[in-house]
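This briefing goes through a two-chain structure by topic. Please keep the sequence and the 3D view open while reading.

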Amino acid sequence: MKKILNTPVSDSDLQDIRIGDVIYLNGHIVTCRDVAHRRLIEYGRELPVDVRGGAIFHAGPIVRKLEDGKYEMVSIGPTTSMRMEKFEKEFIRETGVKVIVGKGGMASKTVEGCREYKAIHCVFPAGCAVLAATEVEEIERVEWTDLGMPEALWLSRIKEFGPLIVSIDVHGGNLFEQNKIDFNKRREEEFTKICEHIRFIK
Amino acid sequence: MDKTQQVQSMTETLSKFIAYFGKVLPDDIRQKLEELRKIETTPMAALIYDTMFKNQELAAKLNRPSCQDTGVIQFFARVGTRFPLIDDLSEIFRNSVLDATKHAPLRHNSVETFDEYNTGLNVGYRTPSIDWEIVPKSDKLDVDIYMAGGGCTLPGRAMVLMPGAGYEGVADFVLDVMTSYGPNACPPLLVGVGVATSVETAAILSKRALMRPLGSHNPNEKAALMERELTKAIDAIGLGPQGLKGERSVMGVHIENAARHPSTIGVAVNTGCWSHRRGNIAFGPDLTYTIVSHKEAVL
């Protein structure tokens, strides 16, 4: 059975979720990436969308403006979350966001933020932007349009948005960092092996 | 057709082709992904491959760019000096991007540096980027067009090694990029490696390496051996789809090389994500064209 979270999300909703779990999200999600993080944390500008208990998506979509003035979500997939590592712990503290969706791993500061302020980071399979767009029911609002299409804050109503693979949980778990330990170990073994074959300078 | 009509017709063809290959992956990539999907065994890898394939079906069905990040379009043109529209090609490329941006639609991905604003047009100062190779006495054009998202552009690295580091140093450099940046760059990856003298000579070769079709090999036997060995090594690291572990990490490793200065080894790495949106189209002097990368494409 699908594990579905609904926004607003409470601390207790996240208690039993562990890294490697697959969940889906109902409710609202707002795109929020590089410049929006910088504006909030470095310039102290208030985020024009209240995300307390909510979800943000590290993503820059393709959006089409329709004749009735509304917007259609054409294609929206996750962007590299690590770019937001610099800001994310403070972002979680300032905004009270509960679910961060993106691509790839995040590092120790975000893990601290997720543990201290109770939030999770999830991965939407990257490059799967049309699937994600079909899980958006409607774009309800857009803010900070001066940033251009990819960077503006697009607030969407979503239905069974996922699969979302939990990469950081509220217990300090970090799936990508855990995997990296194995990757690095194997890398050392493979490096020793490959050197046998490529000593071309003699 | 007079010249103006020819320019317009070629612009339209390229615009349609750009829109098309943003929605449908090239034949070699699709085949390789099918192959890799079967090799993976864990439920997580299966879930991710299922999601990827479902996405590609939806993209074709709904006629939408399969990944939202449609890149800063890059052209790699091998142009004959006698190709009739050689003088107009820069403008044709630029206008085809402008047109495709509206009709595909593509994401607005040109942010002017220093002034820091998005042009909203998907073209800007020196974008789209064009890499020219001149072919003497030819009247043809063969062009690769590429959409690289930010995710697989971020791992790009280049440096100049001392010869003492040898090809072992090259392998070390490549493997480092794989473990540090690979998981976030949307594996299974296509890895392009340039080996030359300096950062820029190696870097352009590493990107041209990504334009080679899968299954092609470097004509130098030792370079081809290194392609195979790096493929084995990176696969054994086990990045899996999306960097969430698996049996395989790459779709391939391509090395392009040039002679080097005796005192240096320039090395560069570029990565292509699983959604490797590359289009290869060849024009004759009468502007009839063949789409090489996508056999079933109809524009």
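In helix H6 of chain B, the buried residues are Tyr167(B), Val170(B), Ala171(B), Phe173(B), Val174(B), Leu175(B), Val177(B), Met178(B), Thr179(B) and Tyr181(B). The model is a predicted one. The points below start from this helix and its surroundings, then turn to the core, the chains, the domains, the interface and the backbone.

**Helix H6 of chain B**

- H6(B) runs over residues 166-181, which makes 16 residues.
- At 1.5 Å a residue the helix should span 22 Å, and its end C-alpha atoms lie 23 Å apart, which agrees.
- The cover over the buried residues of H6(B) comes in part from the other chain, since it includes helix H6 (175-195) of chain A.
- From chain B itself, the cover includes strand E6 (157-161), strand E7 (189-196), helix H8 (221-237) and strand E9 (265-272).
- Val174(B), one of the buried residues of this helix, touches Val193(B), Leu230(B) and Val269(B), leaving aside residues up to four places away in sequence.

**The nonpolar core**

- The largest nonpolar core holds 144 residues.
- Which residues have the most contacts inside this core? They are Val99(A), Ile18(B) and Val174(B).
- H6(B) provides the largest share of this core, 9 residues.
- Domain 1 and domain 2 of chain B each contribute at least three residues to this core.
- In soluble globular proteins, nonpolar side chains tend to be buried together.

**Chain A**

- Chain A contains 6 helices and 9 strands.
- Its 202 residues include 50% that count as buried.
- The C-alpha atoms of chain A fit a box of roughly 70 × 40 × 40 Å along the principal axes.
- Taking contacts in chain A between residues at least 6 apart in sequence, 66% link residues at least 24 apart.

**Chain B**

- Chain B contains 8 helices and 11 strands.
- Its radius of gyration is 19 Å, close to the 19 Å from the globule rule for 299 residues, so chain B is as compact as a globular protein of that length.
- Of these 299 residues, 51% count as buried.
- The C-alpha atoms of chain B fit a box of roughly 55 × 50 × 40 Å along the principal axes.
- Taking contacts in chain B between residues at least 6 apart in sequence, 79% link residues at least 24 apart.

**Domains of chain B**

- The domain assignment divides chain B into domain 1 (3-22 + 67-149 + 277-291) and domain 2 (154-272).
- The centres of domain 1 and domain 2 of chain B, taken over C-alpha atoms, are 26 Å apart.
- Their contact involves 6 residues of domain 1 and 4 residues of domain 2 of chain B.
- On the domain 1 side, the touching residues are 3 nonpolar, no polar and 3 charged.

**The interface between the chains**

- How many residues of chain A are in contact with chain B? The contact joins 46 residues of chain A to 50 residues of chain B.
- On the side of chain A that touches chain B, strand E4 (62-65), strand E5 (71-75), helix H5 (129-134), E9 and H6 of chain A each supply at least two residues.
- H6(A) gives the most to this side, with 12 residues.
- By class, this side of chain A has 25 nonpolar, 13 polar and 8 charged residues.

**Backbone features**

- Gly162(A) and Pro163(A) are joined by a cis peptide bond with omega of about 10°, and Pro163(A) is in strand E9 (residues 153-168) of chain A.
- Pro187(B) and Pro188(B) are joined by a cis peptide bond with omega of about 5°, and Pro188(B) is in the loop between H6 and E7 of chain B.
- Glu160(A) is not a glycine, yet has a positive phi of about 45°.
- Glu160(A) is also in strand E9 of chain A, and counts as exposed because it has 11 other C-beta atoms within 10 Å, where exposed means 12 or fewer.
- Phe114(B), a residue other than glycine, has a positive phi near 70°.
- Phe114(B) is in the loop between strand E2 (111-112) and strand E3 (117-118) of chain B, and is exposed, with 6 other C-beta atoms within 10 Å.

Methods: Residues numbered from 1 in each chain as written. Chains lettered and ligands numbered in written order. Predicted model: local features only at pLDDT ≥ 70, side-chain atom pairs only at ≥ 80, totals over all residues. Helix = DSSP H or I, 4+ residues; strand = E, 2+ residues; numbered from the N terminus. Buried ≥ 20, exposed ≤ 12 C-beta atoms within 10 Å, placed from the backbone. Contact = placed C-beta atoms within 7 Å. Expected span 1.5 Å × (residues − 1). Rg over C-alpha atoms; globule rule 2.2 N^0.38 Å. Core = buried A, V, L, I, M, F, W, Y, C linked by C-beta atoms within 7 Å. Domains from an automatic or database assignment. Nonpolar A, V, L, I, M, F, W, Y, C, P; charged D, E, K, R; others polar.
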